[in-house]
There are 2 protein chains.
Amino acid sequence: MTVARERPTLEAVARRAGVSRATVSRVVNGSTTVAEEIRVRVRRAVEEMGYVPNQAARSLVTQRTDSIALVLTEEPNRVFSDDQVFPGIIRGVSQELEAADRQLVLMMASSTAGHERIERFAGGRHVDGVMIASMHGADPLPAALARMHIPVVCGGRPLGRAHALPYVDVDHTGGVSAAVRHLLGTGRRRIATIAGPQDMIAGIDRLAAYRAALADSDRRSIVAVGDFTRESGAVAMRQLLADDPQLDAVFVASDLMAHGALRTLREAGRRVPDDVAVVGFDDIEMARFTDPPLTTVRQPIVEIGRQLARLMVRVIAGEQVESAVLLPTELVVRDSS
Amino acid sequence: MTVARERPTLEAVARRAGVSRATVSRVVNGSTTVAEEIRVRVRRAVEEMGYVPNQAARSLVTQRTDSIALVLTEEPNRVFSDDQVFPGIIRGVSQELEAADRQLVLMMASSTAGHERIERFAGGRHVDGVMIASMHGADPLPAALARMHIPVVCGGRPLGRAHALPYVDVDHTGGVSAAVRHLLGTGRRRIATIAGPQDMIAGIDRLAAYRAALADSDRRSIVAVGDFTRESGAVAMRQLLADDPQLDAVFVASDLMAHGALRTLREAGRRVPDDVAVVGFDDIEMARFTDPPLTTVRQPIVEIGRQLARLMVRVIAGEQVESAVLLPTELVVRDSS
DNA sequence: GTGAAAGCGCTAACAG
DNA sequence: CTGTTAGCGCTTTCAC
């Protein structure tokens, strides 16, 4: 006595309902040109047999897979560092894709080998489109895929050959401006910055925005560069202190680096915010628990994911979007400034 | 002048190489029974035309998809809280799957609707198997899928109907025992615990282990229950202090809760570790930055993902594994104890 | 409104 | 060792 383990096919359902395969297909796909009575009969058969369409067979003829790749092009340790950027994007994407009834296929691509894998995969049309969440503006993958006529959207403003692709990013400039204006407005005179790596879009844009904001006043810029890690923040802060012992404020391009900077300042005997004001960027959860709690620029990470997915679906649908979506950032004032 | 946008098919490659479809298929799939000369010729044709096999067509006949689902059954905010558990698992899984040349399909399932989606998806054999990373031992999904004869493995020891499924978990008991023994060994007399939620496997197992470890000595247990969040840790600590003002140590079932507890202790004027020793569990990155740095039990999160993927691949291959993989935990002593 | 028939691109016997 | 031949399960004209 074996259980009916075989999944029923359209054929089987058709036999049971006493109609043709084509009719069952129509009902399953919601065609309106089916008589009510028959539709009911078919639906019952589907129900009773637990019929589920075979995606492979369907894709073979429709040329669509209804699944979309999210590619994270970053070294794994960065992908899941505790700044929560990638997890947030994944979450937003998967929310939105679920609503659009698409499947999310997640791909990590650290190495060049990984890139090749992805080109093969997407090139073979195993997914309908590719969302690339790269923090490296000069990543060659987006352009490579676009050249193969694969629908692509980017998380993070793309640089170089891919600059014309649709993308979603946050308003780095607006956030940084607000931060610098806040510092100026509270009477700070020597405002330094700890910038992010200059091969990453967030690093580039935030430094440019800092410079632009200061240029509006008559203050000169004082810059040290980190790589978005705590450790680099601590080191950069030491360097800044050595370069300009008089500084009374520092805008740090990420909360993680700001955390490191806070430690350095304490070790150097500077009080925050009395001697030196500190403003970070990201508003990671930890920002509320540093000592003192960190003033920072909040960016809507999960929303990036949502918008990314929404944009992707539109591109796949053939809409000729060449837009950029810029999400607002917001200064959150806490005790460090 | 249009570019050759159409992907070439086996047929096309075969024509170009002057052989049959079957032969090309053999070469592409690495069959050894092809003459060297022909193999070279076919490979060149593949190369020149940029041929990539169509996964849908292949799946249709092989009945395999070479992709595997990772289901995260948790409310989204918990999935990506900063304890980094899920991100770590995703990372491990994707590493291992990449090595095994399988695709990772990520599915979030918060609601019951989500569960249904997943049953449909997996039931339709859109993936070869399902890895379920649920922290709720009593999750009905694993058993439901197993009943449909879908290969399933669990991250986190499953309870109830699914208890016989292969799973990967960390050695909660060993870690907690080490923590309690350490506290006992450093002369603590009244060791309380802040437990996790009792509907989650980590909460259950860690509390049971605490009780067992204390039972070995003659100390009585002092328990408050939290839900793994910082806030609940702070609240539970207050309650513990009220219940037993004499307590001189507390084992907290998660670092996040331990962080909250630390805050409460400071507010209550207790010095850590002088008055009260604190030991956490997880070893999240933040543990090194609390004040004082947190003694905690380290668990190899990424490794869970790796083992999970490895187990899944074996199950899909038809091996009759009914094993459990228990990963070691390790006490990391810092300044809070 | 419904059914028959023709593939989608590939693999896997089975001959030769 | 290579080619021929059947499908895998589904959608989609095209007749009826």
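This briefing describes how two protein chains and two DNA strands are arranged in a predicted model. Chain B can be superposed on chain A by a rotation of 180° with 0.1 Å of shift along its axis, and the RMSD of that superposition is 0.2 Å. The two copies are thus related as by a two-fold rotation axis. The points below take up the domains of chain A, the contact between the chains, the surfaces near the DNA strands and a sheet in chain B.

**Domains of chain A**

- The domain assignment divides chain A into domain 1 (10-62), domain 2 (67-170 + 302-327) and domain 3 (172-299), so that domain 2 is written as two separate stretches of the chain.
- Between the C-alpha centres of domain 1 of chain A and domain 2 of chain A there is a distance of 35 Å.

**Where the two chains meet**

- In the contact between the chains, 35 residues of chain B touch 34 residues of chain A.
- On the side of chain B that touches chain A, at least two residues each come from H4, helix H5 (76-79), helix H6 (85-99), strand E2 (103-108) and helix H7 (112-123) of chain B, and H6(B) gives the most, with six residues.
- Sorted by class, the residues on this side of chain B are 14 nonpolar, 13 polar and eight charged.
- The copies meet through the same surface, because 97% of the interface residues of chain B are also interface residues in chain A.
- Strand E2 (residues 103-108) of chain A pairs with E2(B) in the antiparallel sense over three bridges, and in this pairing Val105(A) stands opposite Val105(B).

**The surface near DNA strand D**

- There are 25 residues around DNA strand D, and those that come nearest are Leu10(A), Ala22(A), Ser25(A), Ala57(A) and Ala35(B).
- Two or more residues of this surface come from each of helix H2 (21-28) and helix H4 (55-62) of chain A, and likewise from each of helix H2 (21-28) and helix H4 (55-62) of chain B.
- H4(A) gives the most to the surface near DNA strand D, namely five residues, and the surface as a whole has 14 nonpolar, eight polar and three charged residues.

**The surface near DNA strand C**

- DNA strand C is surrounded by 26 residues, of which the closest are Ala35(A), Thr9(B), Leu10(B), Ser25(B) and Ala57(B).
- The elements giving two or more residues here are H2 and H4 of chain A, together with helix H1 (10-17), H2 and H4 of chain B.
- With five residues, H4(B) gives the most to the surface near DNA strand C, whose residues divide into 14 nonpolar, eight polar and four charged.

**A sheet in chain B**

- Chain B has an open sheet of six strands in the order E7-E6-E8-E9-E10-E12, with mixed pairing.
- Strand E7 (222-225) and strand E12 (330-332) of chain B stand at the edges, and each has a single partner strand, so one side of each is left without a neighbour in the sheet.
- From one strand to the next, the twist averages 20°.
- Within the sheet, strand E8 (residues 249-252) of chain B and strand E9 (residues 277-282) of chain B pair in the parallel sense over three bridges, and Ala249(B) has Ala277(B) as its bridge partner.
- Helix H11 (residues 230-243) of chain B packs on the sheet, where it touches strand E6 (191-195), E7 and E8 of chain B, and its direction makes about 150° with that of E7(B).
- Helix H12 (residues 255-267) of chain B also packs on the sheet, touching E6, E8, E9 and strand E10 (295-298) of chain B, and its direction makes about 155° with that of E9(B).

Methods. Residues numbered from 1 in each chain as written. Chains lettered and ligands numbered in written order. Predicted model: local features only at pLDDT ≥ 70, side-chain atom pairs only at ≥ 80, totals over all residues. Domains from an automatic or database assignment. Near = placed C-beta within 6 Å. Helix = DSSP H or I, 4+ residues; strand = E, 2+ residues; numbered from the N terminus. Nonpolar A, V, L, I, M, F, W, Y, C, P; charged D, E, K, R; others polar. Contact = placed C-beta atoms within 7 Å. Pairing = 2+ DSSP bridges. Least-squares fit on C-alpha atoms with pLDDT ≥ 70 in both. Axes fitted to C-alpha atoms, helices over the stretch in contact; angles between N-to-C directions.
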